[in-house]
Amino acid sequence: MPAYKRILIKLSGEALMGDDSFGINRATMVRMVREVHEVTQLGCEVAVVIGGGNIFRGVAGGSVGMDRATADYMGMLATVMNSLALADTMRQEGMTARVMSAIAIEQVVEPYVRPKALQYLEEGKVVVFAAGTGNPFFTTDTAAALRGAEIGAEVVLKATKVDGVYTADPKKDPSATRYTNITFDEAIIKNLQVMDATAFALCRDQKLPIKVFSIFKSGALKRVVLGEDEGTLVHV
Ligand code: UDP
């Protein structure tokens, strides 16, 4: 039995690169999609927000020196590309997926309409939310918190390279240990980076827990959904 009925998974764009330096690594994408497929087969309703950092970021790389809002719109369009690729892979893997965009590009994807998204989820379709929040100066972490709250997800699952929140950076400090559970307040006091500040504040206000886990650890997503000891739960 899954511990959650409805979840929102936040995947970073960078996770799609695999070992490549740019873009989408096909094998990595297929592997990730299979992990998501497993949890849908448990009967869990799944929504996904995907980032765009593997293609374009509003505050780094090729955007340096650009008008920030313009660069951010480019970043949001990058998330649309990732969302299309993700949904396409999902279909190839036998899943039913729908992409909904926060920015109107109706020839490409349908617009985000909350009741429609809820309907798809109830029908067991995976909903991929594209174009972040639709607003510059935000991130896809914030889109994940926002959509998670809107659809009544029980948890936001933040997929990272590290398998949870640690007492210190485990790459730099070998004695660092993983928190199993931590409150929002403790995370603030200890200055632990969980999600960006806007996303974190929104989840905290809405009492929407965040589970940090590694998407690169085989089976971790399934263990999270089954309520097993995996990753770190940030809660009220
Ligand atoms: N972005 C934005 N508003 C949003 C979400 C994203 O302007 O609501 C832009 C922003 O420029 C960001 C880029 O899209 O740098 C890609 O998103 P993000 O950096 O969150 O992707 P990730 O780090 O998860 O790959």
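Start with the whole protein chain in cartoon view: you should find 7 helices and 9 strands. Keep in mind that this is a predicted model.

**The whole chain.** Turn it around a little. Along its principal axes, the C-alpha trace spans about 50 × 45 × 35 Å. How does the radius of gyration fit a compact globule? For 236 residues such a globule would be near 18 Å, and the protein chain has 17 Å, so the two agree. Of those 236 residues, 44% count as buried. If you switch on contacts with a separation of 6 or more, 71% of them join residues 24 or more positions apart.

**Helix H3.** Now select residues 114-122, which make up H3. Show the side chains of Ala117, Tyr120 and Leu121, the buried residues of this helix. They sit on the same side of H3, because they cover an arc of only 100° around the axis. Swing round to the other side and you'll meet Pro115 and Glu122, both exposed. What covers the buried residues of H3? Add strands S1 (6-11), S2 (45-50), S3 (97-101) and S5 (126-130), which are among the covering parts. Then step past the helix to Gly124, which has a positive phi, near 85°.

**The ligand.** Next, center on the ligand and bring up the 25 residues that surround it. The closest are Gly51, Gly53, Gly58, Gly75 and Gly132. Two elements give two or more residues each to this shell: helix H2 (68-92) and helix H4 (140-150). H2 supplies the largest share, 6 residues. Color the shell by residue type and you get 7 nonpolar, 14 polar and 4 charged residues.

Key: Residues are numbered from 1 along each chain as its sequence is written. This is a predicted model: local features need pLDDT of at least 70, side-chain atom pairs count only at pLDDT 80 or more; totals for chains, interfaces and linings use all residues. A residue is buried if 20 or more other C-beta atoms lie within 10 Å of its own, exposed if 12 or fewer, and partly exposed in between; C-beta atoms are placed from the backbone. Helices (H or I, at least four residues) and strands (E, at least two) are DSSP runs, numbered from the N terminus. The arc is that of the directions from the helix axis to the C-beta atoms. Two residues are in contact if their C-beta atoms, placed from the backbone, lie within 7 Å. A residue is near a molecule or strand if its C-beta atom, placed from the backbone, lies within 6 Å of it. Ala, Val, Leu, Ile, Met, Phe, Trp, Tyr, Cys and Pro count as nonpolar, Asp, Glu, Lys and Arg as charged, and the others, Gly among them, as polar. The radius of gyration is taken over C-alpha atoms; the globule rule is 2.2 Å times the number of residues to the power 0.38.
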